Amino acid sequence: SPPEEVEDASELTKRDRSHLENTLKLNEEKPADDVSGVLQRLRKIYHSSIKPLEHSYRYNELRQHEITDGEITSKPMVLFLGPWSVGKSSMINYLLGLDNTPYQLYTGAEPTTSEFTVIMHGPKLKTIEGIVMAADSARSFSPLEKFGQNFLEKLIGIEVPHKLLERVTFVDTPGIIENRKQQERGYPFNDVCQWFIDRADLIFVVFDPTKLDVGLELEMLFRQLKGRESQIRIILNKADSLATQELMRVYGALFWSLAPLINVTEPPRVYVSSFWPHDYHPETHRDLFLKEEISLLEDLNQVIENRMENKIAFIRQHAIRVRIHALLVDRYLQTYKDKMTFFSDGELVFRDIVEDPDRFFIFKSILAKTNVSKFDLPNREAYKDFFGINPITSFKLLSQQCSYMGGCFLEKIEKAITRELPDLLGSIGLGKKPNVLSCDVTGCGETPKNRYRKP
């Protein structure tokens, strides 16, 4: 039938990819800037100054987050989230030029991706089972084992010998389906999403203009993205499937439905384009879509360029949380020791303290210490659970965590936070030329901000 032939004709015209290669610098032969020396120093600071305190006060049982060496050396991660069939997998295929190769991600109109797919660099095309990925401690995915075997069967890795993947890793996620109960997935979908969100350097939330139903699962997802607003980019994909006037209405509707979910003063950047290899539909805003696409690629490139700064800042943030946790446990222990007498029942004394820490000024006293923000204080309820598993008597006071050779744990972590990590950050900044973005080409009007460097 004639309509289908027309469809096929448009399938054949592929878009020029040169802007992809230029913006992401895929053709440059220069070696990637050598960061191995910086990474070695970062690992050393982590192992000698942060990890001892983390272990001593069992921080991972509070946050369930120990940083592995694989995580320190891992590449920046770009996470694709959004409802089903909005073009997440097609977008990855397009960015990596995987279309019509044996390893293109499977795409279609029905919900197709049911796995978490990690696309990373490797010498040749191959697929890796989730169970194998989790068993390999050199990779940064070994902590995923805690979500159970059911989940590992839904995790898959694909290695692709692509220049872009030498510097970044992509993660494709199962689409959010609003009409099906999450329990049917057989593993804790939201917890797994949270794990990836916590580690992503850039989060693309992709929408299709023809189905903007914001339901409970999507609301839940945006609740999980809280605090990560600066990493979120919203993509209105398949934009050339609508006439201009309709597209403007959809853009307005998208903002209207997302506004209650993202309560930050500065709205996230929205990119409007069609991210796939085929040519844009005639009679649509080709120039606008191309400029938007180049802006998005520049955004991605900026994350790659700033990967070391982001990594150091991430470790420093982790160190600050570990320090606060240690100060709190120390304070609980000190209060317990002060309240104990020869005749008192330790269990009852401590239950009093855990039930109402404010009566003993536990959290207030921590705020009196230097460099502690009240916004960084953990939830007091979390400590009820924490001490339920870890008896208070199994900890030592901070003042006793010193050795003649090694110094004091607390002093070492404070030195890492205030001196060593900032110095390491400074040492990278010296060798870098400021990045000039071609805003005259893209009309981006703003360079992506590096959140960690003061202007």
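Why is strand β7 (residues 232-236) largely enclosed by the rest of the structure? In this predicted model, five of the five residues of β7 are buried, so the strand is largely enclosed by what surrounds it. A look at the side chains fills in the picture. Ile-232, Ile-234 and Leu-236 point one way from β7, while Arg-233 and Ile-235 point the other way, and all are buried. In a regular strand, side chains alternate between the two faces of the sheet.

The pairing of β7 comes next. With strand β6 (residues 202-207), β7 pairs in the parallel sense over five bridges; here Phe-204 has Arg-233 of β7 as its bridge partner. With strand β8 (residues 269-272), β7 also pairs in the parallel sense, over four bridges, and Ile-234 finds its bridge partner in Val-270 of β8.

Attention now turns to the nonpolar cores. In soluble globular proteins, nonpolar side chains tend to be buried together. The largest nonpolar core of this model has 50 residues, of which Ile-315, Tyr-332, Phe-350, Ile-353, Tyr-383 and Phe-387 touch the most other members. Two or more residues of this core come from each of the elements α3 (36-56), α4 (59-63), α13 (307-339), α14 (346-355), α15 (362-367), α16 (380-389) and α17 (409-430). Helix α13 gives the largest share, 14 residues.

Phe-350 offers a good place to zoom in. Leaving aside residues up to four places away in sequence, Phe-350 touches Tyr-332, Tyr-336, Phe-387 and Ile-392. Apart from the largest core lies another one, of 47 residues, including Met-77, Trp-195, Val-205 and Leu-261.

Note on methods:
Residues are numbered from 1 along each chain as its sequence is written. This is a predicted model: local features need pLDDT of at least 70, side-chain atom pairs count only at pLDDT 80 or more; totals for chains, interfaces and linings use all residues. Side-chain values use heavy atoms; hydrogens and water are left out. A nonpolar core is a set of buried Ala, Val, Leu, Ile, Met, Phe, Trp, Tyr and Cys residues joined through side-chain atoms within 4.5 Å. Buried means under 20% relative accessible area, exposed over 50%, partly exposed in between (1.4 Å probe, protein chains only). Contact means heavy atoms within 4.5 Å. Two strands pair if DSSP finds at least two bridges between them.
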